[in-house]
Structure formats: C-alpha cells, structure tokens
Amino acid sequence: QSSTMPKRADGFQSVGTVAELNQKGQLLNKQFAGGSVLVVSNPANPKTITAVKPICTHRGCTVDWKADKKAFVCPCHKAEFSLDGKVLQGPAKKSLSTYIAKIEGDSVLVKA
Ligand code: FES
C-alpha cells in the first residue's frame with residue numbers, strides 16, 4: 001500500500017516503501033507536493049536513489065523510467081532525460097525538475 005504520510009518538519013515526505021521501490025526499480029507517487037514524483041534507483045548503484053518530477057518539459061506528457069537505457073523516456077515525442085534530469089535527446093530543451101530523496105528505515109523520503 002502506498003499511503004502518503006504528512007509532510008515532516010524537515011520537509012521530507014514519505015512517498016512509499018523501499019520494498020515497493022526495489023520490486024520495480026521505480027516508484028511513482030501522485031500525491032507529492034501538489035503533483036507527482038518518480039523515484040528510481042540508480043542501476044549502477046541501487047543504494048543511490050533519484051527523484052524527478054516526471055512531467056516532460058516539452059509538452060507535459062508523463063515520462064517513463066527505462067532502466068535498460070538508464071533514461072527517462074517521454075512516450076509522446078521520444079525526448080530522453082538522464083538519471084539526473086538532463087536532456088539527452090530532444091525535442092525537450094529543459095531538464096526535468098529533480099528533488100532530494102533519501103531512504104530512512106523502510107521508507108522512501110522526498111523533500112518537497
Ligand atoms: Fe515529451 Fe513532447 S511531450 S517529447
């Protein structure tokens with residue numbers, strides 16, 4: 001179950017569990033800071049996680065994480081973004097927004 005916990009005093013919000021993240025290598029939460037957040041584990045180092053706002057900067061489609069390409073890929077016009085949100089391939093020109101993310105116990109926390 002991916003219940004959303006209230007924002008903590010330090011600004012971090014629980015967006016899911018480590019088990020959920022490990023199961024798929026990614027975790028999408030649509031109730032984060034008034035939008036959605038996509039957390040992925042770095043294929044090269046699964047202990048490292050990255051969180052982005054999964055909204056393509058071209059026309060706003062929701063991007064997918066492709067672990068085999070190590071990239072976020074937009075289904076609409078095939079823009080690609082790196083793990084840290086930078087544009088790898090157009091037509092998008094601006095990076096995806098990123099958030100600070102960390103693991104604490106069995107919770108995945110993201111700072112709004
Ligand atoms: Fe993502 Fe066009 S909306 S590439």
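Lysine 70 sits in the loop between strand 5 (64-66) and strand 6 (71-73) of this predicted model. Its phi is near 50 degrees, a positive value in a residue other than glycine. Most residues other than glycine have a negative phi. Is lysine 70 buried or partly exposed? A residue counts as buried if 20 or more other C-beta atoms lie within 10 Å of its own, and as exposed if there are 12 or fewer. Lysine 70 has 15 C-beta neighbours inside 10 Å and is therefore partly exposed.

Alanine 33 also has a positive phi, near 45 degrees, and is a residue other than glycine. Alanine 33 belongs to the loop between strand 2 and strand 3. With 16 other C-beta atoms within 10 Å, alanine 33 is partly exposed.

Another backbone feature to look at is a peptide bond. The bond that joins glycine 90 and proline 91 is cis, with omega about 10 degrees. Most peptide bonds are trans. Proline 91 lies in the loop between strand 8 (87-89) and strand 9.

From that loop the chain leads into strand 9, which covers residues 98-104 and pairs with strand 10 in the antiparallel sense over five bridges. Within this pairing, alanine 101 stands opposite valine 110 of strand 10. The two strands form a hairpin with two residues between them, and here glycine 105 takes a positive phi near 60 degrees.

Which other strand is joined to strand 10? Strand 10 (residues 107-111) runs antiparallel to strand 1 (residues 12-17), and five bridges join the two. In this pairing, leucine 109 of strand 10 is the bridge partner of serine 14. Strand 10 thus has bridges to strand 9 and to strand 1.

The side chains can be followed next. The largest nonpolar core has 26 residues, and those with the most contacts inside it are Val37, Val39, Ala51, Ala101, Val108 and Val110. Two or more residues come from each of strand 1, strand 2 (26-32), strand 3 (35-42), strand 4 (45-52), strand 9 and strand 10. Strand 3 gives the most to this core, with four residues.

Alanine 51 shows how parts of the chain meet. Leaving aside neighbours within four places in sequence, alanine 51 is in contact with Val37, Leu38 and Val39, and also with Thr98, Tyr99, Ala101 and Val110. Among these contacts are Ala101 and Val110, the pair that stand opposite each other where strand 10 is joined.

Terms used
Residues numbered from 1 in each chain as written. Predicted model: local features only at pLDDT ≥ 70, side-chain atom pairs only at ≥ 80, totals over all residues. Pairing = 2+ DSSP bridges. Core = buried A, V, L, I, M, F, W, Y, C linked by C-beta atoms within 7 Å. Contact = placed C-beta atoms within 7 Å.
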